[in-house]
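Trainee: Before we begin, may I ask how each label given to this model is justified?
Mentor: Certainly; let us take the labels one at a time and test each against its criterion.

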Amino acid sequence: MAAVRAALDVIEGSKVVVGHSYGGLVMSGATDGRDDVGHLVYLCAFLLDKDERVLDSLMDLEPPPLFDALRTSDDGRSYIDPAGAAAAFYAECPEPLAEAAIATLRPMDPNSTMHPCLGDPWRRIPTTYVVCERDGAINAEAQRRMERRAGTVVSLDTDHSPFLSRIAETASIIAGAAS
């Protein structure tokens, strides 16, 4: 969160901030209370209430393919089994692109899903939510629950990584939020 705040501090003018997946939680905390953010875009991301946790938003839903690919390393961090990563994140991407993206995945602290959301800037900043209908990481039903908090909702018939699988459409949505 500190890195996002620091980046926002050095960019002049009104900003459009985009959060993808878990980055929605980070974006909410980093932008809460700022007056220099003109629009938020939650790209198949966690758009939560203040103090809500990621797992709270998923508990009663059917687990997405991501859950089948989750593993725990010897040091306790969570990682995605490369064999299941394409189904979870990159199902609509060409295989070479998916393989390149999979190679960049890194482990994360499993407790991150228990961290509370530290802000709800979407209550006062114009917000767009992008639902990815074939998302293998955050199922579309969970996204539809969160989309209700956004002023604008866009649906893409794609996977969890529309910035790779639907580049032009994703860029258009972000550009629209900036105008």
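Mentor: We begin with S21, which lies in the loop between β1 and α2 (23-31). Please bear in mind that this is a predicted model.

Trainee: What makes the phi of S21 noteworthy?

Mentor: Its phi is positive, about 60°, although S21 is not a glycine. C44 offers a second case: this residue, also not a glycine, has a positive phi near 40°, and C44 lies in the loop between β2 and α3.

Trainee: Why is S21 called buried?

Mentor: The relative accessible area of S21 is 16%. The term buried requires a value under 20%, so S21 qualifies. C44, with a relative accessible area of 0%, is buried as well.

Trainee: How do you know how many disulfides the structure holds?

Mentor: The count is 0. C93 is in no disulfide, since the nearest cysteine sulfur, that of C132, is 11 Å away, whereas a disulfide requires two cysteine sulfur atoms within 2.5 Å. C117 is likewise in no disulfide: the nearest cysteine sulfur, that of C44, is 17 Å away.

Trainee: Are C93 and C117 buried or exposed?

Mentor: C93 has a relative accessible area of 11% and is therefore buried. C117 has a value of 0% and is therefore buried too.

Trainee: What makes β1 (15-20) and β6 (152-156) edge strands?

Mentor: The open sheet has 4 strands in the order β1-β2-β5-β6, with parallel pairing. β1 and β6 each have a single partner strand, so one side of each is left without a neighbour in the sheet. On average, neighbouring strands of this sheet are turned by 15° against each other, direction ignored.

Trainee: Why are β2 (residues 37-43) and β5 (residues 127-132) said to pair?

Mentor: Pairing requires at least two bridges. β2 and β5 are joined in the parallel sense over 4 bridges, so the criterion is met. Within this pair, V41 stands opposite T128 in β5.

Trainee: What lines the largest pocket, and how is its lining divided by residue type?

Mentor: The largest pocket encloses about 760 Å³ of space. It is lined by 32 residues, of which L66, L70, I80, F89 and M108 are the closest to its centre. The lining divides into 23 nonpolar, 7 polar and 2 charged residues.

Trainee: Which element supplies the largest share of that lining?

Mentor: β4 does, with 3 residues. The elements that each supply at least two residues include α3 (65-69), β4 (78-80) and α4 (82-89).

Technical notes. Residues numbered from 1 in each chain as written. Predicted model: local features only at pLDDT ≥ 70, side-chain atom pairs only at ≥ 80, totals over all residues. Heavy atoms only, no water. Buried < 20%, exposed > 50% of the residue type's maximum accessible area, 1.4 Å probe, protein only. 1 Å grid on protein atoms, 1.4 Å probe; cavity = no way out; pocket = protein on both sides within 12 Å on 5 of 7 lines; lining within 4 Å. Points joined across faces, edges and corners; volume = space filled by probe spheres on them. Nonpolar A, V, L, I, M, F, W, Y, C, P; charged D, E, K, R; others polar. Axes fitted to C-alpha atoms, helices over the stretch in contact; angles between N-to-C directions.
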